[in-house]
Amino acid sequence: MSLPHILILDDEERIRDLLTQYLEDFDEFVVRNAHSGEQALELLAGEPADLAVVDMRLPGMSGTQFIREARARGACRHFLVHTGSVDMVISSELSELGLTSRDMFFKPAGADAILARIRERLARGGA
Amino acid sequence: MTWSAKLLSGLSLNRHLAPVLTVVFAGVLVSTLVAYFSTRATMAGLALGQARQTLGFLNREIGTRVSQLASRLELWSQEELYALALEDSFLGESARTEAARRMAARVAGSSFDRVFLVRPNGEIVTASNPDMMGRFTVGDRGYFQKALAGKVNMETLAAGRHSNVPMLVIAAPVRTGDGVLAGVIAVAMETARFAGDLPLGAGSSQTAAGYLLDTAGRILAAPPGIETDHPWHDWRMDQVRQSATSGEAARYREGETGRVLMAVANAETGWYLVLSADEDELLRPASRMAWLTGGVSLATLALVALTLAALGRAMAVMRQSEEKFSRIFMHSPDTIILADMETGRIVDVNETFTKRTGYSREEVLGKTSAEFQIYVELKDREEFHARLRRDGHVEHFECPARYKDGSIAICALSGQVVIIDNRRHLMTMVRDITETKRMQEMMVQTEKMISVGGIAAGIAHEINNPLGIVLQASQNLVQRTRPDFRKNLEAAEKIGLDMGLLDQYMKARKLDVFIEDIQSAASRASAIIRHMLDFSRRSESRRTVCDIRAIADSALDLASNDYDLKKSYDFKKIEIARDYDTSLPDIGCTATEIEQVLLNVFRNAAQAMAQADPPVAAPRIAVRIRDLPDRVRIEIEDNGPGVPEAIRKRIFEPFFTTKQPGVGTGLGLSVSYFIVTKGHGGRMAIETGRDGGAVFCIELPKDQRLEV
């Protein structure tokens with residue numbers, strides 16, 4: 001059985017690496033990461049992912065744009081948002097893309113909480 | 001309202017005024033009537049006098065004319081020709097021809113119509129008009145017989161035998177040279193023609209007219225256009241005779257209109273000269289004049305009445321304002337002190353003064369404010385008085401005041417010099433603005449927080465990222481030192497490290513605690529930022545119809561599961577007493593915000609009880625929700641040690657905290673206050689409970705606009 005693929009998209013290197021390393025330790029996922037939406041789409045073009053953890057404020061295309069694009073291309077099935085934004089309310093755009101408030105994580109958010117939600121989404125989505 | 005109604009209401013306004021006005025009214029009414037009637041009488045007298053004059057003139061004119069005619073006829077009668085013409089002889093025959101010619105010449109251009117000679121037997125022998133001869137005799141006529149008796153006389157005939165119209169005839173005896181009566185010479189004229197050039201159509205008025213009447217009331221002459229072929233009625237003749245006798249005017253009615261007449265009897269002819277006119281018309285100037293006089297009097301009365309009424313009203317207003325003043329003085333929510341200006345001694349204070357300062361009236365009356373030391377600084381008193389003497393009034397003079405119990409209040413003084421009983425007094429109004437000041441200061445602090453929140457919003461993203469790294473790194477640290485992870489064990493094995501020993505070492509050296517410290521510090525920093533953001537959050541959050549009970553229950557649920565709270569105190573150990581009114585209306589609010597407010601208060605209560613020394617034996621939080629007419633009141637009472645006065649005043653200030661460092665942000669209650677007052681237009685206050693614990697009161701208005 002192949003492991004689910006997870007993509008971490010964040011322009012802050014340390015966050016990206018720490019989260020990647022945290023998730024890798026569990027031996028449950030194949031974790032890749034990208035620093036921009038453009039790079040992420042390139043990666044996903046080679047091999048699609050099951051779930052992406054997406055920062056909102058990014059150089060180049062925004063997190064929301066990336067989610068829309070990746071979804072349109074069928075490059076990724078599930079998305080979680082991990083943002084340092086002060087706007088604690090889920091935007092209508094993200095709602096339309098199928099995200100709920102439980103998919104929103106505001107920095108500093110515990111990686112354990114993110115992990116729990118990843119498992120939840122993959123269990124449901126994979127079924 | 002009409003003018004008179006206004007006047008009446010004005011009059012009825014003051015009962016004392018009514019008798020005065022009645023007397024004045026009666027007086028003016030009498031004088032108005034007197035003025036009216038005397039003016040009318042005077043004017044009527046003038047009009048009648050004028051009529052009398054006219055009549056006198058007419059009378060004289062007629063008399064003169066008749067006398068002149070009579071004397072002329074008398075002269076003619078002495079001419080020999082006429083005596084000769086009366087002879088029954090040949091000579092007489094030719095004399096008659098000559099007489100007729102002469103008489104005809106005399107008629108032409110005179111006021112009379114005919115001249116004729118009559119024999120003693122009544123036969124007309126010759127005349128100015130030949131057609132008179134032989135047709136009738138005049139032997140039966142009074143004038144003829146009197147003339148035969150030797151008298152020059154005149155007679156008014158109702159109808160002449162020749163012309164059949166009213167005639168005036170003057171006759172004189174004709175004698176021969178030796179004095180023997182030969183016959184009579186007479187002139188006759190139509191009365192209408194005789195009076196033709198007399199001014200009978202009196203004046204310019206339409207209805208006034210002059211008449212000549214004979215003794216029987218036959219109309220001898222009248223202005224053109226008036227029927228003359230009927231006699232005046234007897235009853236009217238009575239009036240005529242009465243007027244002619246008395247010289248006064250007589251009144252009578254002609255159909256609907258009242259008329260007045262004035263008559264005079266002409267001595268020469270026996271005629272009545274009558275002037276008659278519509279009474280109204282005759283007296284119209286009199287009436288007009290009288291009305292004017294009366295009107296002026298009435299206007300004067302009205303003016304006097306109005307003045308009196310206005311005066312009465314002004315007095316009533318003054319009395320009312322006096323009453324109002326004393327009511328305001330006694331029941332004003334501000335302290336009012338009345339002091340004599342010269343001596344400075346207090347003459348009166350209101351109820352608010354005694355309630356607020358704690359001094360009784362008896363304690364302060366007759367003393368100066370310096371004597372019982374209500375001023376904290378005496379120089380404030382001096383300055384207040386100096387400014388008052390200089391300007392006559394002082395507005396909003398702020399200074400501290402000391403009440404009887406020693407407490408200090410910030411007061412705003414307003415002073416005014418007033419004259420009471422001819423003495424200058426100083427009226428000082430004192431408003432206790434301690435509370436207002438404090439609230440103002442707090443709102444200033446809150447406003448500061450809003451701007452700080454605005455800045456926080458700008459940098460939050462930048463701070464949250466590093467905080468995220470701190471938290472994430474510490475979590476990774478925990479994870480990668482765990483002895484039960486395959487990857488950790490593999491890496492340790494490669495370098496010969498015993499993960500079990502590492503775990504023991506970390507616990508022994510408290511590395512696990514340090515890591516936890518790092519995590520909680522990061523969480524706290526992020527909480528502060530989130531609270532600061534709460535201040536700046538635009539109130540775009542949606543107001544919805546909320547069940548306040550559900551919100552309270554949800555907040556209690558959150559509190560009992562609160563991770564931060566669990567570390568210092570277990571909320572589950574606290575007894576929660578819910579007391580909700582059974583019929584609470586749904587109110588409009590932002591549920592998450594109110595939930596946050598309640599959670600903050602619950603947290604605060606739990607922490608306060610946890611920190612209490614000695615510890616609270618049976619911690620208890622009572623949550624009461626009450627339905628008030630225009631708002632819903634939520635009371636949260638704990639049985640902790642309560643909040644000291646000094647702290648209570650500052651408890652809603654941002655960053656004010658009494659908790660141990662690291663326990664609170666100092667923003668929880670401040671944000672709550674902000675959400676309730678600014679966000680929801682409600683009130684939030686802290687009171688002291690019956691057991692000495694703290695009671696937080698939150699009131700939310702019911703009329704919030706809803707977005708459904």
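**A sheet, two cores and a helix pair in chain B**

In chain B, 5 strands make up an open, antiparallel sheet with the order S7-S6-S10-S9-S8; strands here are DSSP runs of E with at least two residues, helices are runs of H or I with at least four, and both are numbered from the N terminus, while two strands pair if DSSP finds at least two bridges between them. The edges are S7 (219-221) and S8 (250-254) of chain B, each pairing on one side only. Within the sheet, 5 bridges link S6 (residues 209-213) of chain B with S10 (residues 272-278) of chain B, and B:Ala209 sits opposite B:Ser276 in S10(B).

The model is predicted: local features need pLDDT of at least 70 and side-chain atom pairs pLDDT 80 or more, whereas totals for chains, interfaces and linings use all residues. Residues are numbered from 1 along each chain as its sequence is written, and chains are lettered from A and ligands numbered from 1 in the order in which they are written.

Turning to the interior, the largest nonpolar core holds 70 residues, of which B:Leu117 and B:Ala186 touch the most other members. Such a core is a set of buried Ala, Val, Leu, Ile, Met, Phe, Trp, Tyr and Cys residues joined through C-beta atoms within 7 Å; buried means that 20 or more other C-beta atoms lie within 10 Å of the residue's own, with C-beta atoms placed from the backbone. Helix H2 (residues 17-77) of chain B gives this core its largest share, 9 residues. A separate core of 45 residues includes B:Met442 and B:Val643.

Notes: A residue is buried if 20 or more other C-beta atoms lie within 10 Å of its own, exposed if 12 or fewer, and partly exposed in between; C-beta atoms are placed from the backbone.
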